Amino acid sequence: MKLYCLSSDAAKPCFVLSFKELLIMLDCGLSAHSVLNFLPLPPVPSTRLTSLPTYTPPHINDPLLEGELKECCGRVFVDSVPEFCPPLDKVVDFSQLDVILISNYTCMMALPFITEDTGFKGQVYATEPTLQIGRFYLEELSEWVCAVGEGAGEARRWKELVHLLPPPLSQAVRPRAWRRLFSAAALARSLARVRVVGYDERVDLYGALDATPVSSGFCLGSANWVLRSAHEKVAYVSGSSTLTTHPRPINQSALRGADLLILAALTQTPAHNPDHMLGDLCVHATLTLRAGGCVLCPVYPSGVLYDLLECLSAHLEGAGLAQVPLYVVSPVADSSLAYSNILAEWVSAGKQARVLLPEEPFPHAALGRAGRLRQARALHELPTSAPAEFRQPCVVFCGHPSLRFGAAVHLLDLWASNPAHAVIFTEPDFPYMEALAPFQPLSMKAFHCPIDTSLNYSQANKLVRELRPRELALPDQYALPAGTGAGAGVASRPHISVDVPTVIVKRGAARAAGVRRRAARGTLCGALAASALPREVAGAAGGLRAAPLAAELRIRDARLELLPPPAPARAARLHWSALDVEALVRALAREGVGSARVEASEASGSDSSGAGGCIVHLPRHDTLVHVERNATHVFCEGRAEVRQALRRALAACLPHI
C-alpha cells in the first residue's frame with residue numbers, strides 16, 4: 001500500500017492511495033493562495049487599479065515584461081487574470097485513477113483539472129450536498145474569473161524572471177505550474193461524472209473494496225470515508241468537527257480500529273476559538289452600524305454563511321438594530337439559500353426537529369419574508385428604489401474571501417477611504433493583510449475574526465487516541481519538524497503527537513504504509529466444492545475437518561475464484577501437525593539410512609521429543625535434520641538417493657490425510 005500527496009496545502013488535500021491494485025484519489029482540493037500575487041479582477045473597471053505604476057526589476061530591460069507587473073505601496077503584483085495551483089499532475093497519471101472520493105465541497109474545487117482532458121475514466125463519489133454546494137462554489141468562481149476576465153491578456157514573462165523579483169513573488173512555489181480556471185463547459189462535464197451517495201451507503205469499488213461515507217460534522221454533507229476489504233480497513237478523516245453546529249454530528253464509531261488512518265484538513269487557525277470569533281464579529285458589526293458605517297463580510301456562498309446570518313440577525317435584533325438590512329450578493333445566492341432549507345437529512349437533530357413542525361431549519365426564509373434579508377446575483381441587481389431600496393448602513397455578505405474577484409472587490413474599492421465602514425474577515429483560507437494589500441492605503445476598519453470549525457490539534461490528538469488505529473498518516477505540516485525536540489516543537493507550532501506509528505507525507509512524495517496484505521477472500525465454485533471430501537483430522541481440537549484440493553486460481557475484476565483444474569490432478573496429501581522424531585528414526589532405518597543420533601537443540605534443552613526442537617544427525621551421510629515445531633530443515637551434502645530416502649521417510653512420518 002502506497003500513499004501519494006499531490007497538494008502543498010494541507011487544508012485543501014489531495015491524496016492518492018494505491019490499495020489492492022486500485023488507485024484511489026482522496027479529495028481534490030484547489031490551492032488558491034497563488035491568487036494573492038495578482039491584482040484584483042473588479043466586476044467594473046477600477047480607475048485606481050489601472051492607474052497603479054508599472055514595476056520593472058532593476059537592471060532588467062525586457063520588452064516582453066512590459067505591463068505585466070504593477071506596484072502598490074511597496075508590494076509588486078501581477079497584472080493578469082489570477083491563476084490557481086492545482087494538484088501535481090506528474091506524480092500519478094490521472095488517466096490511471098480508478099476512483100475519486102470527495103469528503104466535502106471545499107475539497108473538490110480541482111475536480112475539472114483532474115477529470116477533463118487527462119484521459120480520466122474512473123468514478124467520482126460524493127454526497128448530494130457536497131455535489132450541489134460544490135457546484136455553487138465552482139459556478140460562482142467560474143462566472144467571476146472567466147466572464148470578467150474574458151479577453152484579458154495572460155502574463156507569462158514574469159515567471160521566467162521570478163528569481164529577480166521582490167518577495168513574496170520571488171518565493172512563489174512552482175509558478176509555471178499555476179493554471180487559469182477551467183471553462184464553464186469543462187466544469188459541467190466534470191460535475192456530470194459525480195455519482196451521489198448517502199451516509200453509511202456501501203459502494204463497491206470494482207469488487208476489490210467497499211467504500212462507505214460517514215458523517216464528519218464539518219459542513220452540510222461532509223463525509224469521512226471508510227475503505228474495507230475482507231481483511232484490511234483504511235479510514236480517511238478530512239474536514240471533521242466535534243463542535244455542535246448545523247451539520248449532522250461526526251460518526252466516530254465507524255472509524256475505530258482502522259489499519260491505517262489518514263488525517264487531513266485540520267483547522268487553519270488553531271489559536272482562535274470559533275465561538276469567541278463569532279461573538280467578536282457581532283460586536284464589531286454592531287459598533288460599526290451604530291456609528292453609521294456599513295459592514296462588508298467577504299465570504300463563500302455557503303457553509304459558515306448560514307451560521308453568520310442566523311447569529312448576526314439575532315444579535316442585531318437584541319441590540320435594537322433589527323431595521324438594518326442584510327444583503328447576500330453572489331451569482332448563486334438564491335440557489336444556495338433556498339437549497340440549504342431542503343437538506344433536512346443532512347443537518348443536526350435540532351434543525352431536523354424544526355422541519356417536523358414544519359419550519360425551515362435555517363432562518364433565511366423568515367428573514368426574507370420580514371424584509372431583513374435580500375439577495376442578488378450581482379451588485380447592479382440590488383434594489384435601488386422603494387420599497388426595497390438599497391439602504392445604508394447595512395451588512396453585505398459577498399465574495400471572494402481573497403478579495404481578488406467578486407462583488408467584494410468593488411465594494412471595498414468604494415468604501416476603502418471611509419473610516420466609518422468596516423470589513424470583517426471570517427474565512428480562514430487567506431491571510432487578511434495579504435488580501436488587503438492591493439487596496440492600501442486603507443482608511444476603513446479591518447477586523448480578523450476567522451471561524452474555522454475543523455478539528456484543532458488538541459481535538460485531533462484526542463480523536464486519534466480514541467480511534468486507536470494501527471498506523472497514522474499525516475501531511476508534513478501537521479508533524480513535528482524534523483530535528484526538533486519535543487519541547488521546542490511544542491513551542492514552535494502545534495502538531496499531532498500520539499503514540500501511534502506515523503507516516504509523514506510531503507508534497508510530491510510517495511510513502512509506503514505499514515498495512516500488509518496477509519490474506520484475501522475468494523470463492524469456491526460449486527463443482528469443486530462438491531468434489532471435496534473433508535475428513536476429520538485426528539487429534540485436532542474442535543472437530544477440525546480438512547480435505548486436499550487441486551484447483552485453478554482465477555483473478556478477474558479483483559475477485560478471486562477457485563475453479564476445477566484444466567486436467568484431472570492426482571489428489572495430493574495434506575500434511576499437518578508436528579513431526580514425530582522417534583518415528584522418523586525408525587523410518588530412516590527402514591530406508592537403509594541408519595546410525596541416526598538425536599540431539600536436543602539449544603532452544604529445547606534436554607527435551608528430545610521434537611516438540612521443542614531437536615537435531616537428527618546422520619554422520620555417515622554428512623546430513624543434519626533440524627526438527628522444529630512448525631518446520632523441518634534438512635542440510636544434506638550426500639548423494640541423490642540419500643535425499644530421496646530422507647524425503648520418503650519424512651512423508652511417511654508426518655500426519656496427513
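Visitor: Why is the sulfur of Cys282 called too far for a bond with the closest cysteine sulfur?

Guide: The closest cysteine sulfur, in Cys311, is 6.3 Å from that of Cys282. A disulfide is a pair of cysteine sulfur atoms within 2.5 Å, so the distance of 6.3 Å is too far for a bond. By this rule the count comes to zero disulfides.

Visitor: What kind of model is this?

Guide: This is a predicted model, in which local features need pLDDT of at least 70 and side-chain atom pairs count only at pLDDT 80 or more, while totals for chains, interfaces and linings use all residues. Residues are numbered from 1 along each chain as its sequence is written, and side-chain values use heavy atoms, with hydrogens and water left out.

Visitor: Why does Cys282 count as buried?

Guide: Buried means under 20% relative accessible area, exposed over 50% and partly exposed in between (1.4 Å probe, protein chains only). Cys282 has 6% relative accessibility and therefore counts as buried. Cys525, with a relative accessible area of 13%, is therefore buried as well.

Visitor: What makes Phe38 and Trp158 an aromatic pair that is edge-to-face?

Guide: The structure holds 10 aromatic pairs. In one of them, Phe38 and Trp158 lie 6.4 Å centre to centre, with 85° between the planes. Rings of Phe, Tyr and Trp (its six-membered ring) pair if their centres lie within 6.5 Å; planes under 30 degrees apart count as stacked, over 60 as edge-to-face and the rest as tilted. Both values therefore satisfy the rule for an edge-to-face pair.

Visitor: How do you know that this pair links distant parts of the chain?

Guide: Phe38 is in the loop between strand S3 (22-26) and helix H1 (47-50), and Trp158 is in helix H4 (residues 157-160), 120 residues apart. Helices (H or I, at least four residues) and strands (E, at least two) are DSSP runs, numbered from the N terminus. Phe38 is buried, with a relative accessible area of 0%, and Trp158 is buried at 0% relative accessibility. Ring pairs link Phe38, Trp158 and Trp178 into a cluster.

Visitor: How do you know that both faces of strand S14 are covered?

Guide: In S14 (residues 295-298), Val295 and Cys297 on one side and Leu296 and Pro298 on the other are all buried.

Visitor: How many bridges join S14 to strand S17?

Guide: Four bridges join these parallel strands, S17 being residues 395-398; two strands pair if DSSP finds at least two bridges between them. Pro298 stands opposite Cys398 in S17. S14 also pairs with strand S18 (residues 422-425) in the parallel sense, over two bridges, and Leu296 stands opposite Val423 in S18.
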